[in-house]
Amino acid sequence: MDPLLLVVYILLFPGFLFLLVYAFFFEFLDRKIYARMQNRVGPPLLQPFADFIKMLGKEVIDPNGVDRRAFDAAPLLALAAVMTAFLYVPIVGSSPLGFQGDLVLVLYLLTLPTIVLFVLGWLSRNVYSTIGGVRAVTQLFIYEVPFYLAMLAPALMAGTWSISGIVAWQQTPLWFAIFQPIGLVVALIGLQAKLERTPFDIPEAETEIVAGPTTELTGRRLAFMKLTMDVALVVGSALVAALFLGGPLLPWTFSPNWLGWVIGFAVFLVKTLAVLLVLSSIKAATGRIRIDQLNDIGWKYLASAAVLQVFLALLMNYYLVGASA
């Protein structure tokens, strides 16, 4: 790929600039859907961006005894991780940065924000933040196993650990949402937990522990941490759309020209918005659960369903390979 086009891909479209704009739009749409389901009006279109700018201008307060540089760097590290993960997800076609095994890298990068929340809660010397950080990492160990298994099942069936390769595999047969409906459900629930959205907002339970790990974050630190979660919502939705809904591709081939790219981008938008609609509906229809209830849901039901889906994927792959041979 031409170096100039690669720079444009990374920085402008469909890279960081597009990701930030889409993240603000996702937050607006999420809040709007949530409000309409509760018979409220909801925010205007530019409200998420206005909130971000407002928080950037707020005073930054350092708790006593806290390492200022660590507090400044942690939200930026989390934001950089999820933005980097986005570069490997196909948006208008195969990612030029993709490689064999980039799925494992993306899943790892999406885990870093939770680790950062734990570190922030531990360093802040605030009892609410510490409890929230412990809850965040405890929740991580519950949902991460079934989430990873659900996400890896398409890779096993497609025979590749490349996200672009998994997307390309779905263009000829059918989407993995049809082959692996159990995996899709587990992935959506796991993504909801990863983003700490209702009913899995246990680490940031406002009525119990103020704001959990982010209690001591102020000003630009809080702005970047909230932006990280908005970006993670886009990246998670795009990853689910790529692994289970064929990403920017439809069951037939478009010509590799500007029209095909436009159609592929439109398909990507529709699929990611469909994933957001499901996540917002779950958020509006459920209430917060306790950590012990999440433990039962995660290990008894989600993990079992994910293991079953992996077994079914291996079984279907065996028969597909046998039939082709």
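Hi everyone, let's start with one lysine: K283 counts as buried, with a relative accessibility of 18%, because the cut-off for buried is under 20%. Keep in mind throughout that this is a predicted model.

Where does K283 sit? You'll find K283 in helix α12, which covers residues 258–285. And what does K283 touch, once we leave out residues up to four places away in sequence? The contacts of K283 are D30, Y34, Q192, R197 and T198. Have a look at Y34 on the screen: the charged end of K283 sits over the ring of Y34, 4.8 Å from the centre of that ring.

K283 also takes us to our next stop, the largest pocket. The space in this pocket comes to about 860 Å³. It has 28 lining residues, and K283 is among the closest to the centre, together with E204, K226, M229 and D230. Three elements give two or more residues to the lining: α2 (16–37), α3 (47–56) and α11 (219–245). Which element gives the largest share? That is α11, with eight residues. If we sort the lining by class, we get 14 nonpolar, twelve charged and two polar residues.

Now let's move from the pocket to the cavity. How do we look for empty space at all? Rolling a probe the size of a water molecule over the atoms shows where empty space is left. Searching the whole structure gives one cavity of 30 Å³ or more. The largest cavity holds about 90 Å³ of space. Among its lining residues are V82, L110, P113, T114, L117 and L191. M229 is also one of the residues lining the largest cavity, and you may remember M229 from the list of residues closest to the centre of the largest pocket.

Which elements give two or more residues to the lining of the cavity? They are α5 (102–123), α9 (181–194) and α11. Here the largest share comes from α5, which gives four residues. By class, the cavity lining has eight nonpolar residues, two polar and two charged.

Last topic: aromatic rings. Across the whole structure, the search turns up 19 aromatic pairs. Let's take F147 and Y148 as an example. Their ring centres are 6.5 Å apart and their planes meet at 50°, so this pair is tilted. Are these two residues buried or exposed? F147 is buried, at a relative accessible area of 1%, whereas Y148 is partly exposed, at 24%.

For a second example, go back to helix α12 and find F265 and F268. With 6.3 Å between the ring centres and 20° between the planes, F265 and F268 form a stacked pair, because planes under 30 degrees apart count as stacked. About one helical turn separates F265 from F268, because they are three residues apart in the helix. Both of these count as buried: F265 has a relative accessibility of 19%, and F268 has 2%.

F265 and F268 are also part of a bigger picture. Ring pairs link them into a cluster with F13, F18, Y22, F25, F26, F28 and F86.

So that's our tour, and here is the short version. K283 sits over the ring of Y34, α11 gives the largest share of the lining of the largest pocket, and α5 does that for the largest cavity. Thanks for listening, everyone!

Terms used. Residues are numbered from 1 along each chain as its sequence is written. This is a predicted model: local features need pLDDT of at least 70, side-chain atom pairs count only at pLDDT 80 or more; totals for chains, interfaces and linings use all residues. Side-chain values use heavy atoms; hydrogens and water are left out. On a 1 Å grid over the protein atoms alone, a cavity is a set of points where a 1.4 Å probe fits but cannot get out, and a pocket is an open set with protein on both sides within 12 Å along at least five of seven lines; lining residues have an atom within 4 Å of a point. Grid points are joined across faces, edges and corners, and a volume is the space filled by probe spheres set on the points. Ala, Val, Leu, Ile, Met, Phe, Trp, Tyr, Cys and Pro count as nonpolar, Asp, Glu, Lys and Arg as charged, and the others, Gly among them, as polar. Rings of Phe, Tyr and Trp (its six-membered ring) pair if their centres lie within 6.5 Å; planes under 30 degrees apart count as stacked, over 60 as edge-to-face and the rest as tilted. Buried means under 20% relative accessible area, exposed over 50%, partly exposed in between (1.4 Å probe, protein chains only). A charge sits over a ring if NZ of Lys or CZ of Arg is within 6 Å of the ring centre and within 35 degrees of the ring normal. Contact means heavy atoms within 4.5 Å.
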